[in-house]
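Student: I have a model open and would like to learn how to read it feature by feature. Could you take me through it?

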Amino acid sequence: MVATPAKKDHPLTGTDLHTRTDLPEALRVLLKELPRSGWDSHPKYSGLIRFWLDRHMMFRSLLERMGTDVEHVLDKSIAPAEYARRLSRLGGTFINELHGHHQIEDTHYFPVLEKLDTRVSRGFVILDKDHHALDAVLARFTGRANDVLQGVGGKRFIDLSAVMKSEIDGFETLLNRHLTDEEDLIVPVLLKYAPPGLS
C-alpha cells in the first residue's frame, strides 16, 4: 500500500482574525530581531512610525471611550440624550477615520512594504483579509449605533444600548488583535528598511 503524502497546511491556515491569537511564528522573524522594547530608541524610528502608532492608539481610545459611555448609560449614570450625543460624535469619528486609515494602508503602504522582505510578505495578505473582515464588523457596528440613536426616548433604548455594548466589546477584541499584529509586522519592516517616501 502506498502511503498518502501528508497534507501541508495552507499558508494562511489559522490566520483568521476571529480565531487567531497571534501572528504565525514564521512572520515574527523581524519582530524577534527588532522587538517592541527597542522601537522608540532605534535610529530609524521615524515620524511616520510615531504617527501611525498614534493613530492606532486613537482607535483603541475611541472604542474604550464608547465602551465606558455605554456602561454609564446602562447603569443610568448618564442621560440617554447625552449618551446619544457622545455616541454620534465618537462613533462617527471612529468609523470615518478607520475607513480612511485602512484605505491608505491598502492602496499606498502595503504594496510598498510587502516587497521589502519575502519572509514576511504573506503577512500583508493576512492584514488585507483583516481589513475586509473589519469592514463587515464596522458595517454592523454602524447599524447598531444608528439603532441606538433612533431609539433615544423609546421603550427599547436600554435593550438597544445593551446590544451596542456587546458590539463594542466584540469589535474591541478584533481590532486590538489586528492592530497589534499589524504593528508587529510593519514596524520592524520600517525600522529595518526605512523605504524612501515611507520613512
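Tutor: Let's go from the overall fold to the cores, the ring pairs, the cavities and a few single residues. Keep in mind that this is a predicted model.

Student: Fine. How many helices and strands does the protein chain have?

Tutor: Five helices and zero strands. Going along the sequence, you read the pattern as α-α-α-α-α. The C-alpha trace spans about 65 × 60 × 30 Å along its principal axes.

Student: What share of the residues counts as buried?

Tutor: The chain has 199 residues, and 43% of them count as buried. Sequence separation is worth a look too. Take the contacts between residues at least 6 apart in sequence: 83% of those join residues at least 24 apart.

Student: On to the inside, then. Which residues touch the most other members of the largest nonpolar core?

Tutor: A core here is a set of buried nonpolar residues joined through side-chain atoms within 4.5 Å. The largest one has 28 residues, and Phe 94, Phe 141, Met 164, Phe 171 and Leu 175 touch the most other members. Two or more residues come from each of α2, α3, α4 (123–150) and α5. The biggest share is from α5, which gives eight residues.

Student: Can we zoom in on one of them? Which residues is Leu 175 in contact with, leaving aside its neighbours within four places in sequence?

Tutor: Look for Phe 59, Leu 63, Phe 94, Leu 98 and Leu 134 around Leu 175. There is also another core, apart from the largest one, with 25 residues, including Leu 30, Ile 49, Leu 127 and Leu 185.

Student: I see plenty of rings in there. How many aromatic pairs does the structure hold?

Tutor: Six. To read a pair, check the distance between ring centres and then the angle between the planes; over 60 degrees counts as edge-to-face. For Phe 59 and Phe 94 the centres are 6.4 Å apart and the planes at 80°, so this pair is edge-to-face. Since Phe 59 is in helix α2 and Phe 94 in helix α3, the pair ties together parts that are 35 residues apart in sequence.

Student: Are those two rings buried or exposed?

Tutor: Phe 59 counts as buried because its relative accessibility is 0%, and Phe 94 is buried as well, at 0%. Tyr 83 and Phe 157 make another edge-to-face pair, 6.4 Å centre to centre with 70° between the planes. That pair links Tyr 83 in helix α3 with Phe 157 in helix α5, 74 residues apart. Tyr 83 is buried at 1% relative accessibility, and Phe 157 is buried at 4%.

Student: Which residues do ring pairs link into a cluster?

Tutor: Phe 59, Phe 94, Phe 141 and Phe 171.

Student: Now for the empty space. How do I read cavities?

Tutor: Rolling a probe the size of a water molecule over the atoms shows where empty space is left. In this model the count comes to two cavities of 30 Å³ or more, and the largest has a volume of about 50 Å³.

Student: Which residues line the largest cavity?

Tutor: Its lining is made of Leu 48, Trp 52, Glu 105, Tyr 109, Leu 113, Ile 186 and Leu 190. Helices α2, α3 and α5 each give two or more of these lining residues, and α3 gives the most, with three. By type, the lining divides into six nonpolar, no polar and one charged.

Student: And the backbone? What should catch my eye there?

Tutor: Most residues other than glycine have a negative phi. Lys 76 has a positive phi of about 65° although it is not a glycine. Lys 76 sits in the loop between α2 (47–74) and α3 (80–113), and it counts as exposed because its relative accessibility is 66%. Ala 194 also has a positive phi, near 40°. Ala 194 is in the segment after α5 and is partly exposed, with a relative accessible area of 23%.

Student: One last residue: where is Thr 173 found?

Tutor: In helix α5 (residues 157–193). With 56% relative accessibility, Thr 173 counts as exposed. Its C-alpha is 8.9 Å from that of His 18, although the two are 155 residues apart in sequence.

Methods. Residues are numbered from 1 along each chain as its sequence is written. Side-chain values use heavy atoms; hydrogens and water are left out. Helices (H or I, at least four residues) and strands (E, at least two) are DSSP runs, numbered from the N terminus. Buried means under 20% relative accessible area, exposed over 50%, partly exposed in between (1.4 Å probe, protein chains only). Contact means heavy atoms within 4.5 Å. On a 1 Å grid over the protein atoms alone, a cavity is a set of points where a 1.4 Å probe fits but cannot get out, and a pocket is an open set with protein on both sides within 12 Å along at least five of seven lines; lining residues have an atom within 4 Å of a point. Grid points are joined across faces, edges and corners, and a volume is the space filled by probe spheres set on the points. Ala, Val, Leu, Ile, Met, Phe, Trp, Tyr, Cys and Pro count as nonpolar, Asp, Glu, Lys and Arg as charged, and the others, Gly among them, as polar. Rings of Phe, Tyr and Trp (its six-membered ring) pair if their centres lie within 6.5 Å; planes under 30 degrees apart count as stacked, over 60 as edge-to-face and the rest as tilted.
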